[in-house]
Amino acid sequence: MTVSGTATGVRVRIAPSPTGEPHVGTAYIALFNYLFAKKHGGEFILRIEDTDAARSTPEFETKVLDALKWCGLEWKEGPDIGGPYGPYRQSDRKPMYQPYAQELLDKGHAFRCFCTPERLEQMREAQRAAGKPPKYDGRCLGLTAEEVTSRMAAGETTVIRMKIPAEGSCDFTDGVYGDVSIPWDSVDMQVLIKADGMPTYHMANVIDDHLMKITHVARGEEWLASVPKHILLYRYFGWDQPVFMHLSLMRNADKSKLSKRKNPTSISYYSALGYIPEALMNFLGLFFIQIAEGEELLTIDELSEKFDPENLSKAGAIFDIQKLDWLNGRWIREKLSEEEFQARVLTWAMENDRLKAGLRLSQTRISKLGELPDLASFLLKSDLGLQPSDFAKIKSPPEEVLEILNTVQPDLEKILEWNVETIEAELRAISDRMGKKLKVVVSPLFVAVSGSSRSLPLFDSMAILGRSVVRQRLKLAAQAVAALVGSK
């Protein structure tokens with residue numbers, strides 16, 4: 001693997017999209033880049049890729065930055081600290097991409113496409129029906145300059161697509177997978193500039209990596225199939241391409257892709273449950289090194305010393321929660337002094353104002369302090385230990401309770417900003433859509449979220465716990481109720 005880089009030295013980056021709760025997969029890729037930079041005396045950069053304007057929010061961007069800082073990662077340049085190659089947020093770079101798009105059009109490497117979303121969907125349906133992978137069929141590829149000018153003058157919506165060679169293959173060497181060959185006829189004529197003028201990920205990714213002098217691109221293996229598009233853009237612009245490294249995806253024990261539908265994946269979830277960042281980084285870092293049994297407990301500096309990018313596994317990185325629990329326990333017992341442990345506990349309890357907000361809500365609901373644990377301990381618990389019997393006292397039949405939980409869970413994901421007001425508004429809207437009274441919908445949620453029918457106010461409790469914890473508790477509640485339904 002080439003590590004010499006450019007005159008600027010090795011420069012790597014993590015480029016998350018602020019479209020949801022920060023994923024442990026983001027920490028996994030970020031840690032690899034961080035260790036790679038540390039190993040080679042290079043620089044680790046953070047860039048926010050918010051080309052998806054509809055789903056990107058300032059709240060999620062803040063969560064990304066906070067989560068990576070919690071992990072103990074430090075970047076040399078980024079949207080929060082600036083740097084010589086900024087801005088480090090793609091939406092702030094929007095004017096920079098247009099000249100490059102025009103250059104591709106002028107050189108004949110790209111073309112304007114006027115196909116409507118409806119026409120494209122019909123095209124894809126026909127391709128799927130014929131057993132072919134859906135990709136653009138080139139309808140607008142042959143338009144003359146006069147036709148393009150006329151249709152643009154008429155106000156037709158247009159995007160810019162890249163041209164793809166008709167024959168041959170894209171051959172390249174990946175830092176993990178070695179020699180790779182992908183036929184050009186399997187590569188789509190990618191949209192580069194969307195109708196709103198924003199670049200797609202592929203266009204912005206290549207231009208930003210070039211302008212920011214990124215020497216090595218390390219990312220998840222799901223991007224391996226996109227490399228031909230990126231290599232082609234480097235060739236079209238006449239730029240040197242970086243070294244590509246595609247890391248194996250993190251997977252569940254059953255080898256399925258790690259996703260929030262099956263298991264908790266948000267960094268905030270692990271933080272909220274009391275995992276310590278050193279343990280999580282230790283756990284993720286073990287995927288990148290070779291060690292003997294008994295050498296598992298490692299700091300980031302120790303991981304860096306043992307890190308060998310030439311000897312990476314292509315096997316899936318199994319996210320074994322039991323191993324993470326074991327490492328976290330060892331860190332708490334063996335690595336923290338008594339004073340450090342006490343400080344960590346207080347910091348964790350105060351995280352996101354969890355304890356302070358819980359005490360504020362509890363004050364008017366108790367007659368003596370000794371009642372606090374029963375009333376508010378759910379805010380600090382890692383597991384409520386919900387059983388089917390916990391839902392037996394709810395007036396609604398189990399089938400209705402299960403319907404409510406299965407409806408609420410995905411609908412809450414639609415909330416962009418997670419707070420008391422948005423949670424209440426969404427639950428009221430869900431009640432209306434289901435044709436049920438609000439109290440019927442929230443009754444099982446009290447048990448799902450707090451483990452009890454007598455608790456702190458539901459909307460406030462959900463806001464304090466956070467989206468990722470609430471998601472997991474609703475999922476576990478649905479499993480408990482499903483067992484109740486199945487036993488009837």
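A residue counts as buried when its relative accessible area is under 20%, and as exposed when that area is over 50%. Keep this cut-off at hand as you work through the exercises on this predicted model.

**Exercise 1. Find out which parts of the chain the salt bridge between R13 and D209 ties together, and whether the two residues are buried or exposed.**

Step 1: Start with the distance. The closest N and O atoms of R13 and D209 are 2.9 Å apart, which is within the 4 Å limit for a salt bridge.

Step 2: Place both residues. R13 sits in strand β1 (residues 11-14) and D209 in helix α6 (residues 201-211), so their bridge ties together parts that are 196 residues apart in sequence.

Step 3: Check the surroundings. Both R13 and D209 are buried.

**Exercise 2. Work out where E400 and K436 lie, and decide whether K436 is buried or exposed.**

Step 1: The side chains of E400 and K436 form a salt bridge, 2.9 Å from N to O.

Step 2: E400 belongs to helix α15 (residues 398-412), while K436 is in the loop between α16 (420-434) and α17 (438-450), so this pair ties together parts 36 residues apart in sequence.

Step 3: K436 has a relative accessible area of 19%. Because that value is under 20%, K436 is buried.

**Exercise 3. Do the same for R433 and D411: which helices do they link, and is D411 buried or exposed?**

Step 1: The side chains of R433 and D411 meet in a salt bridge of 2.8 Å, N to O.

Step 2: R433 is in helix α16 and D411 in helix α15, so the pair links distant parts of the chain, 22 residues apart.

Step 3: The relative accessible area of D411 is 11%. Since this is under 20%, D411 is buried.

Step 4: Now look at a network. Salt bridges with shared partners join R13, R47, E49, R93, D208 and D209.

**Exercise 4. Identify which residues touch the most other members of the largest nonpolar core, and which helix gives the largest share of it.**

Step 1: This core has 99 residues, and L73, L284, F288, F391 and L427 touch the most other members.

Step 2: Helix α1 (residues 24-39) supplies the largest share, 11 residues.

Step 3: Zoom in on F391. Leaving aside residues up to four places away in sequence, its contacts include L386, V401, P444 and V447.

Step 4: Another core lies apart from the largest one; it has 48 residues, including M123 and V187.

**Exercise 5. Explain why the buried residues of helix α13 line one face.**

Step 1: List them. In α13 (residues 354-362), the buried residues are R354, A357, G358, L361 and S362.

Step 2: Looking down the axis of α13, these residues fall within an arc of 135°, so they line one face of the helix.

Step 3: Recall a general rule. An α-helix has 3.6 residues a turn, so residues three or four places apart point the same way.

Step 4: Turn to the other side of α13, where K356 and R360 are exposed.

Step 5: Find the cover. Over the buried residues of α13 lie, among others, α8 (267-272), α12 (338-350), α14 (372-376) and α18 (458-465).

**Exercise 6. Describe the sheet β3-β4-β7 and say which strands stand at its edges.**

Step 1: The 3 strands make an open, antiparallel sheet in the order β3-β4-β7.

Step 2: β3 (110-113) and β7 (191-193) are at the edges with a single partner strand each, so one side of each has no neighbour in the sheet.

Step 3: From one strand to the next, the twist averages 45°.

Step 4: β3 is joined to β4 (residues 159-162) by 4 bridges, and A110 stands opposite M162 in β4.

Step 5: Helix α3 (residues 94-107) lies across β3, β4 and β7, at about 105° to β3.

Key: Residues are numbered from 1 along each chain as its sequence is written. This is a predicted model: local features need pLDDT of at least 70, side-chain atom pairs count only at pLDDT 80 or more; totals for chains, interfaces and linings use all residues. Side-chain values use heavy atoms; hydrogens and water are left out. Buried means under 20% relative accessible area, exposed over 50%, partly exposed in between (1.4 Å probe, protein chains only). A nonpolar core is a set of buried Ala, Val, Leu, Ile, Met, Phe, Trp, Tyr and Cys residues joined through side-chain atoms within 4.5 Å. Contact means heavy atoms within 4.5 Å. The arc is that of the directions from the helix axis to the C-beta atoms. Two strands pair if DSSP finds at least two bridges between them. Axes are lines fitted to C-alpha atoms, for helices over the stretch in contact, and angles run from 0 to 180 degrees between N-to-C directions.
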